[in-house]
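Hello,

I am passing a structure on to you, as you will be working with it from here. Please open it alongside this email and follow along.

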Amino acid sequence: MTLLYKVYINAAEKKNTINPNIYGHFAEHLGRCIYEGIFVGEDSPIPNTKGMRNDVVAALRQIKIPVLRWPGGCFADEYHWKDGVGPKQNRKKMINTHWGGVVEDNSFGTHEFFELCAQLGCEPYVNGNLGSGTVQEMSEWVEYITFDGLSPMSDWRKENGAQSPWKMQYFGVGNENWGCGGNMRPEYYADEYRRYATYLRNFSGNKLYKIGCGSNGFDYNWTEKVMEIAGRFMDAITLHHYTLPTGVWQNKGDATGFPEEEYYSTMINCLKMEELISNHLQIMNKFDPEHKVGLIVDEWGTWYNVEPGTNPGFLYQQNTIRDAMVAAITLNIFNKYSNRVVMANIAQTVNVLQAVILTEGAKMVLTPTYHVFDMYKVHQDATLVGSYVDSGTVEGHNIPNLSVSASVDKDGALNITAANLSMTSSAPVTCDITGMNPKSITGRILTGKVDAHNTFEAPDTVTITDYNNAKIQDNNLIFEIPPNSVILVTAK
């Protein structure tokens, strides 16, 4: 029996602007994310501009990367920024104790990060060291970056080659302080946040957006206590949630060659993002009824066992159609809550976890997740509109058949992104449109077997193709989504 799925969209029900920062990224000093992945140095035979890989920068600009979080992650709370400025030959070397025990030579530091953001055309999001750093160290970092007056930090920045300060809006006061950032209790962290944040000044017309460390997934007590004690001193609080197929950290499951049940358990764990956002927002609302504090999901994505033969501390994993499904579902959820979710940062940009790009020497591969970000960039700065899905659940599994989001861009085009979560059944969709009379329709699709992926030998196995089977009928949009596929339909 063929099931028909109904989607109802009211283009006149304009809700809120979708913050582009929901489509943000995260680059930590972890494995080959920064070094080899983004930064190769000016002497590298790999084409680069001031040490940044030209191919990676161009690919990230293509998906309109809006904001980049750096330097961590767990690395942030052992990072001492003064080690990463000045002549490279004089910079201190250290052991990256969190990730692989390799030498960190600090050749990529503050100046290099702001150069990267300038090349990408994105906003910088700097995460400060509360765990092992000092108030003075954090305060002076903000001064070094943003102050245009007379001071030792401003003078030092000029000596190091940056005559003018940079603009920096987003600053995180610590990371995962419930764990690798100090194993703190929420009450203790909240008091420390208040102390550190006091000394983060707004210099030279630069207005800081101060971000507090939020919960690890379902730890609602952390959000409760931090919001109660420190909420009024912050602009946003974070949330971290990773999708594990097995739900067990000791054996998370493999990135490829996984069984059917692990595909569906991945979808189930991914969909928990909506429950988490909804529940944490309810707690935030108790202490912030005027919604002055935003929610930032600055670490999210899939986490599997590392690829065989790779350094277990480098967190290198392949990226398949299954990951594309996770990205599509999660971004649809972020769109839905974009009145309160002000930023999100997938972990991580290159060569780590659910990366959008993989590199090997001079070679570069765009992953299925990258292609989802490329399709979904139409939602950036668009207006979220009302949508409702009547699709039932995947047979034998308690998950919805469809995940859908819809927005109207500045030119009046309606963009609908949809994912079919079933591994086996196509989804014939009738999309009932009110609030506009579509005259034309185009489509793009990402599809393939659930563990299909791109390699350096076959980089285009999974890629976006045109979708030409959508039509308009009685003000309805009619199209069919193959199993485990993501589609973008644009109506004008």
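Below is what turned up, going from the sheet to the helices and then to some unusual spots in the backbone.

One thing to keep in mind from the start: this is a predicted model.

**The sheet**

A good place to begin is an open sheet of 10 strands with mixed pairing. Its strands come in the order 21-20-24-18-17-16-1-19-23-22. Strand 21 (465–466) and strand 22 (471–473) form the edges, each pairing on one side only. If you look at the strand 21 end, you will find strand 20 (residues 441–446) beside it, paired in the antiparallel sense over 2 bridges. There, R444 stands opposite D466 of strand 21.

This part of the sheet also has a helix lying across it. Helix 9 (residues 368–376) lies across strand 18 (414–420), strand 20 and strand 24 (485–491). Its direction makes an angle of about 165 degrees with strand 20.

**Two helices that cross**

Next, please turn to helix 5 (186–198) and helix 6 (residues 220–230). Two packed helices are described by the angle between their axes and the distance between the axes. Here the axes come within 9 Å and cross at roughly 35 degrees, and the crossing is right-handed. On the helix 5 side, the contact is made by P186, E187, Y189, A190, D191, Y193 and R194. Helix 6 brings N221, W222, K225, V226, I229 and A230 to the contact. Sorted by class, the residues in this contact are 8 nonpolar, 1 polar and 4 charged.

**A helix with a buried side**

Helix 4 (residues 152–159) has three residues worth selecting: M153, S154 and R157, which are buried. Why do they lie on the same side of helix 4? Because they cover an arc of only 100 degrees around the axis. The buried residues pack against helix 2 (110–120) and helix 3 (135–146). On the face turned away from that buried side you will see P152 and E159, which are exposed. After helix 4 comes G161, with a positive phi near 110 degrees.

**Unusual spots in the backbone**

Most residues other than glycine have a negative phi, and most peptide bonds are trans. Some places in this model depart from that pattern, and they are worth a look.

Two cis peptide bonds involve the loop between strand 5 (67–70) and strand 6 (94–95). The bond from W70 to P71 is cis, with omega near 5 degrees, and P71 is found in that loop. The bond from G72 to G73 is also cis, with omega near 10 degrees, and G73 is found in the loop between strand 5 and strand 6 as well.

As for positive phi values outside glycine, please look at two glutamates. E36 has a phi near 85 degrees and is found in the loop between strand 2 (24–26) and strand 3 (48–49). E176, with a positive phi of about 40 degrees, is found in the loop between strand 9 (170–173) and helix 5. Which of these settings is buried and which is partly exposed? E36 is partly exposed, with a relative accessible area of 44%. E176 is buried, with a relative accessible area of 11%.

I hope this gives you an easy way in. Enjoy exploring!

Best wishes

Key:
Residues are numbered from 1 along each chain as its sequence is written. This is a predicted model: local features need pLDDT of at least 70, side-chain atom pairs count only at pLDDT 80 or more; totals for chains, interfaces and linings use all residues. Side-chain values use heavy atoms; hydrogens and water are left out. Helices (H or I, at least four residues) and strands (E, at least two) are DSSP runs, numbered from the N terminus. Buried means under 20% relative accessible area, exposed over 50%, partly exposed in between (1.4 Å probe, protein chains only). Two strands pair if DSSP finds at least two bridges between them. Contact means heavy atoms within 4.5 Å. Axes are lines fitted to C-alpha atoms, for helices over the stretch in contact, and angles run from 0 to 180 degrees between N-to-C directions. A crossing is left-handed if the near helix is turned anticlockwise from the far one by less than a right angle, and right-handed if clockwise. Ala, Val, Leu, Ile, Met, Phe, Trp, Tyr, Cys and Pro count as nonpolar, Asp, Glu, Lys and Arg as charged, and the others, Gly among them, as polar. The arc is that of the directions from the helix axis to the C-beta atoms.
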